[in-house]
Amino acid sequence: FIGRCHTVDGGRGCIFECTFCTSIRVQGNTMRFCDPVAIVQHVREAARREKNPFFFITDDNFARNPKWKELLQGFIDL
C-alpha cells in the first residue's frame, strides 16, 4: 500500500484566518492553484506505472479552486 499511495493537491493556502486550522500556518494566506492538466498527468503516469494506485486528495480548499470542474473532468476522462 505504501508504494501505491499518492497525494493530490490542487491548491494551497487559505484566505481565512480560522483559529482552529493549521492550514494557514503551514500553507499561508495566499491561495495558489496547480494546473489541472499537470495534476491529471501525474495521476495518469502513476496509474500506468503501478497496479491499483491509491490517491489521497489533500486539498484543503478544493471548492475554492476556480478550475475544479476542469480537474474533475480530467479525472472522469481517465
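1. Let's start inside the protein. The largest nonpolar core is built from five residues, namely Val8, Ile39, Val40, Val43 and Leu71. Helix 2 (residues 36–49) gives this core its largest share, three residues. Please keep in mind, as you look around, that this is a predicted model.

2. Leu71 is a good residue to click on next, since it belongs to that core. Beyond its neighbours within four places in sequence, Leu71 is in contact with Pro36, Ile39, Val40 and Phe62. Two of these names, Ile39 and Val40, are also on the list of core residues.

3. Now a step back to the overall layout. The protein chain has three helices and four strands, and from the N terminus on they follow the order β-β-α-β-α-β-α. The C-alpha trace spans about 40 × 30 × 15 Å along its principal axes. Of contacts between residues at least 6 apart in sequence, 62% join residues at least 24 apart.

4. A few words on surface and charge. The chain has 78 residues, and 24% of them count as buried. About 5600 Å² is exposed, with carbon and sulfur atoms supplying 57% of that area. There are 11 positive and 9 negative charges, and the mean positions of the two sets are 3 Å apart.

5. Strand 1 (residues 5–8) deserves a look from both sides. Which residues make up its covered face, and which its uncovered one? His6 and Val8 are on the covered face, while Cys5 and Thr7 are on the uncovered one. As background, side chains in a regular strand alternate between the two faces of the sheet. Val8 is also one of the residues of the largest nonpolar core.

6. What does strand 1 pair with? Its partner here is strand 4 (residues 54–57), in the parallel sense and over four bridges. To find the register on your screen, look for Thr7, which stands opposite Phe56 in strand 4.

7. Cys34 may catch a biochemist's eye. You will find Cys34 in the loop between strand 3 (32–33) and helix 2. Is Cys34 buried, partly exposed or exposed? Cys34 counts as partly exposed because its relative accessibility is 37%. Not counting residues up to four places away in sequence, Cys34 touches Asp9, Gly10 and Ile39, and Ile39 is part of the nonpolar core described above. Gly11 is 23 residues from Cys34 in sequence, with 5.7 Å between their C-alpha atoms.

8. Met31 sits in the loop between helix 1 (23–27) and strand 3. Setting aside neighbours within four places in sequence, Met31 is in contact with Arg12, Gly13, Cys14, Ile15, Asn61 and Arg64. Leu72 is 41 residues from Met31 along the chain, and their C-alpha atoms are separated by 19 Å.

9. Phe16 is found in the loop between strand 2 (11–12) and helix 1. Phe16 counts as partly exposed because its relative accessibility is 40%. Apart from neighbours within four places in sequence, Phe16 is in contact with Ile24, Asn29 and Arg64; Arg64 is also among the contacts of Met31. Between the C-alpha atoms of Phe16 and Ile57, which are 41 residues apart along the chain, the separation is 20 Å.

10. Ser23 belongs to helix 1. Why does this serine count as buried? Ser23 is buried because its relative accessible area is 8%, and buried means under 20%. Its contacts, leaving aside neighbours within four places in sequence, are Gly28 and Asp60.

11. Two more residues are worth a visit. Arg44 is in helix 2 and counts as partly exposed, because its relative accessibility is 35%. Asp9 is 35 residues from Arg44 along the chain, and their C-alpha atoms are separated by 15 Å. Asn52 lies in the loop between helix 2 and strand 4 and counts as exposed, because its relative accessibility is 53%. If you check backbone angles, note that phi of Asn52 is near 55°, a positive value in a residue other than glycine.

Conventions:
Residues are numbered from 1 along each chain as its sequence is written. This is a predicted model: local features need pLDDT of at least 70, side-chain atom pairs count only at pLDDT 80 or more; totals for chains, interfaces and linings use all residues. Side-chain values use heavy atoms; hydrogens and water are left out. Helices (H or I, at least four residues) and strands (E, at least two) are DSSP runs, numbered from the N terminus. Buried means under 20% relative accessible area, exposed over 50%, partly exposed in between (1.4 Å probe, protein chains only). Contact means heavy atoms within 4.5 Å. Accessible areas come from the Shrake-Rupley method with a 1.4 Å probe; for residues, only the protein chains shown count as cover. Lys and Arg count as positive and Asp and Glu as negative; His and the chain ends are not counted. The place of a charge is taken as NZ of Lys, CZ of Arg, CG of Asp or CD of Glu. A nonpolar core is a set of buried Ala, Val, Leu, Ile, Met, Phe, Trp, Tyr and Cys residues joined through side-chain atoms within 4.5 Å. Two strands pair if DSSP finds at least two bridges between them.
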